[in-house]
Amino acid sequence: MIMIKAAIVEDQEILRKSLKIVIENISDIEIVGTAENGEEAIALCERENLDVLLMDIQMPVMDGVKATDEIKKRWPHIKVIILTTFQDVTHVLNALNAGAEGYILKAVDPEYLVQGIKMVYHGGSLIPQQLAKEVFGQIQLNNNSHSDQDHNSINHPYDLNHQEIKVLKCLTQGLSNKDITEKMFLSMGTVKNYVSTIYSKLNVKNRSSAITKAMEESLIEDKKH
């Protein structure tokens, strides 16, 4: 059995300790270290052979977005899951753009957190639909405040066709490639080709980044024309 080595980066000591205890008590995930800011997180990555980092966003000294950016540049194999609150959703996109594999609420059920860590470790992305709607709603609000000229300038700049937009929407809903094949009645190879083309057109490298860009630029809005 593969032992996942994880670390917790959180400035609140009680939350760091409680997360460590809970995760280790209900799973085979090993918490090999904790840190209270981004600089300590980087030092932890230098010392330990980590698989997954649970990263807070708002921290003193160095915040989670800057730390994620630095860590992904130096250790791209380390998976980063952002620990967030509903108040932090405006920062989530920055963290995903920095390379984080996903995000999850701090107050989430521990069993779901463990499932999320394992999913990300095995190459998945963690974009909870409940939070995605919140983030998407804020992005929509920001876009609606732009002038018509500004809005048109960011409207479908990536030449995505109808099928690609449908696949991208499935990605933002957290569907796996297998789920998409069943929903759209396509073969696995066709879905993989669509996903690869979407990555290429959006100039992204992974699912999280594609979802981020889709929400940022409203690429999955339902069009009336």
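**Exercise 1.** Determine whether aspartate 56 counts as buried or exposed in this predicted model, and describe its surroundings.

*Solution.* Begin with the accessibility: aspartate 56 has a relative accessibility of 1% and therefore counts as buried, since buried means under 20% relative accessible area. Next, place the residue in the fold, where aspartate 56 belongs to strand β3, which covers residues 52–56. Then list the contacts, leaving aside neighbours within four places in sequence: aspartate 56 touches Val9, Glu10, Asp11, Gly64, Leu83 and Lys106. Finally, look at the side chain, for that of aspartate 56 makes a polar contact with the side chain of lysine 106, at 3.0 Å.

**Exercise 2.** Work out in which order the five strands of the open sheet are arranged, and which strands are the edge strands.

*Solution.* Reading across the open sheet gives the order β2-β1-β3-β4-β5, and the pairing is parallel. The edges are formed by β2 (30–35) and β5 (102–105), each of which pairs on one side only. From one strand to the next, the twist averages 25°. Two of the pairings can then be examined in detail. Strand β1 (residues 5–9) runs parallel to β3 and is joined to it by four bridges, and alanine 7 stands opposite leucine 53 in β3. Strands β4 and β5 likewise run parallel, joined by four bridges, and here isoleucine 81 stands opposite glycine 102 in β5.

**Exercise 3.** Identify which strands helix α1 lies across and which strands helix α3 touches, and give the direction of each helix.

*Solution.* Helix α1, residues 13–26, lies across β1, β2, β3 and β4 (79–84), and runs at about 175° to β2. Helix α3, residues 64–74, packs on the sheet by touching β3 and β4, and its direction makes about 155° with that of β3.

**Exercise 4.** Explain why threonine 68 counts as buried, and state which residues it contacts beyond its neighbours within four places in sequence.

*Solution.* First locate threonine 68, which sits in helix α3. Its relative accessibility is 0%, so threonine 68 counts as buried. With neighbours within four places in sequence left aside, the residues in contact with threonine 68 are Met55, Val80, Ile82, Ala95, Ala98, Gly99 and Ala100.

**Exercise 5.** Establish which residues of β5 lie on each of its two sides, and whether they are buried or exposed.

*Solution.* Take the sides in turn: Gly102 and Ile104 lie on one side of β5, while Tyr103 and Leu105 lie on the other. These residues are all buried, and both faces of β5 are thus covered. Set this beside the pairing, in which β5 is an edge strand that pairs on one side only.

Note on methods:
Residues are numbered from 1 along each chain as its sequence is written. This is a predicted model: local features need pLDDT of at least 70, side-chain atom pairs count only at pLDDT 80 or more; totals for chains, interfaces and linings use all residues. Side-chain values use heavy atoms; hydrogens and water are left out. Buried means under 20% relative accessible area, exposed over 50%, partly exposed in between (1.4 Å probe, protein chains only). A polar contact is a pair of N or O atoms within 3.5 Å; within protein, one must be able to donate a hydrogen and the other to accept it, and residues adjacent in sequence count only if both atoms are side-chain atoms. Contact means heavy atoms within 4.5 Å. Two strands pair if DSSP finds at least two bridges between them. Axes are lines fitted to C-alpha atoms, for helices over the stretch in contact, and angles run from 0 to 180 degrees between N-to-C directions.
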